[in-house]
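Trainee: I should like to study this chain by question and answer. May we begin with a term that the discussion will need?

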Amino acid sequence: MTSAMEDAHILMSMTYASRANPDVSANDFNEILQQAQVNNAANGITGMLTFNKDYFLQTIEGPRAQINRLLYSLIADPRHHDLQVIETRELKHRAWSKWSMNYASPTEKNAAIYLKYSTTIDFNPYLLSAEAAYNLMNELSDQHD
């Protein structure tokens, strides 16, 4: 049996999509983002988040044990539902090591990036392949460098 310390050395990434509950306001979202930044920094988690009024798409990176714990708390969070894991994988290095949680909102400036990876006119992360989700998040994060 492996100990938690050995497990902490295995770095992984998880990307998921979820649906925002209709009563999630801009204020609620700002609280989610601030809470994620504080908690992630304390737990060695980095990542990228995008949100429009209907959907969350997030990639988180960190020690496997921490990612698993975070997944359980995300599933239990009443501010969203229908969480679906798009991809998990082991990493050799982090893609978003600079950010405890980077955020990209849909704007006119980056609308073309969303359309490039979307299968419909309206952004729906549930329809993205793992590769498309990863590439979308990378392009959006490049806008924030």
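Mentor: A residue is called buried when its relative accessible area is under 20%, and exposed when that area is over 50%. Please keep in mind throughout that this is a predicted model.

Trainee: Is F56 buried or exposed?

Mentor: F56 is located in strand β3, which runs over residues 55-63. Its relative accessibility is 4%. The cut-off for burial is under 20%, so F56 counts as buried.

Trainee: Which residues does F56 contact, leaving aside its neighbours within four places in sequence?

Mentor: A contact requires heavy atoms within 4.5 Å. With the neighbours within four places in sequence set aside, the partners of F56 are Y16, A17, S18, A20, F29, I32, L49, T50, F51, R79, H80 and P125.

Trainee: Into which cluster do ring pairs link F56?

Mentor: A search of the whole structure gives seven aromatic pairs. Ring pairs join F56 into a cluster whose members are F29, F51, F56 and Y103.

Trainee: How is the pair of F29 and F51 classed?

Mentor: The ring centres of F29 and F51 are 4.6 Å apart, and their planes lie at 10 degrees. Planes under 30 degrees apart meet the cut-off, so the pair of F29 and F51 is stacked.

Trainee: How many residues apart are F29 and F51?

Mentor: F29 belongs to helix α2 (residues 26-43), whereas F51 belongs to strand β2 (residues 46-51). The pair therefore links distant parts of the chain, and the separation is 22 residues.

Trainee: Are F29 and F51 buried or exposed?

Mentor: F29 has a relative accessibility of 4%, and F51 has a relative accessible area of 10%. Both values meet the cut-off of under 20%, so F29 and F51 count as buried.

Trainee: Where does R19 lie, and at what distance from the ring centre?

Mentor: R19 is placed over the face of Y126. The distance from R19 to the ring centre of Y126 is 4.3 Å.

Trainee: Over the face of which residue does R89 lie?

Mentor: R89 is 4.5 Å from the centre of the ring in question. That ring belongs to Y134.

Trainee: What span should helix α3 have?

Mentor: Helix α3 (residues 64-76) has 13 residues, and the expected rise is 1.5 Å a residue. The expected span is 1.5 Å times one less than the number of residues. The end C-alpha atoms of helix α3 are 19 Å apart, which agrees with the expected 18 Å.

Trainee: Is Q66 buried or exposed, and which residues does Q66 touch?

Mentor: Q66 is found in helix α3, where the buried residues are A65, Q66, I67, L70, L71 and L74. At a relative accessibility of 19%, Q66 counts as buried. Not counting residues up to four places away in sequence, Q66 touches N43 and I45.

Trainee: Which residues does the UniProt annotation "domain: BLUF" cover?

Mentor: Over the stretch concerned, the chain is 34% helix and 40% strand, with its end C-alpha atoms 18 Å apart. According to the unreviewed UniProt entry, the annotation "domain: BLUF" covers residues 11-102.

Trainee: What is the radius of gyration of the chain?

Mentor: The chain has five helices and five strands, in the order α-β-α-β-β-α-β-β-α-α. The globule rule gives 15 Å for 145 residues, and the computed value is close to this, so the chain is as compact as a globular protein of that length. The radius of gyration is 15 Å.

Conventions
Residues numbered from 1 in each chain as written. Predicted model: local features only at pLDDT ≥ 70, side-chain atom pairs only at ≥ 80, totals over all residues. Heavy atoms only, no water. Helix = DSSP H or I, 4+ residues; strand = E, 2+ residues; numbered from the N terminus. Buried < 20%, exposed > 50% of the residue type's maximum accessible area, 1.4 Å probe, protein only. Phe/Tyr/Trp six-rings, centres within 6.5 Å; stacked < 30°, edge-to-face > 60°. Lys NZ or Arg CZ within 6 Å of the ring centre and 35° of its normal. UniProt positions renumbered as here; feature names shortened; annotations may be inferred. Rg over C-alpha atoms; globule rule 2.2 N^0.38 Å.
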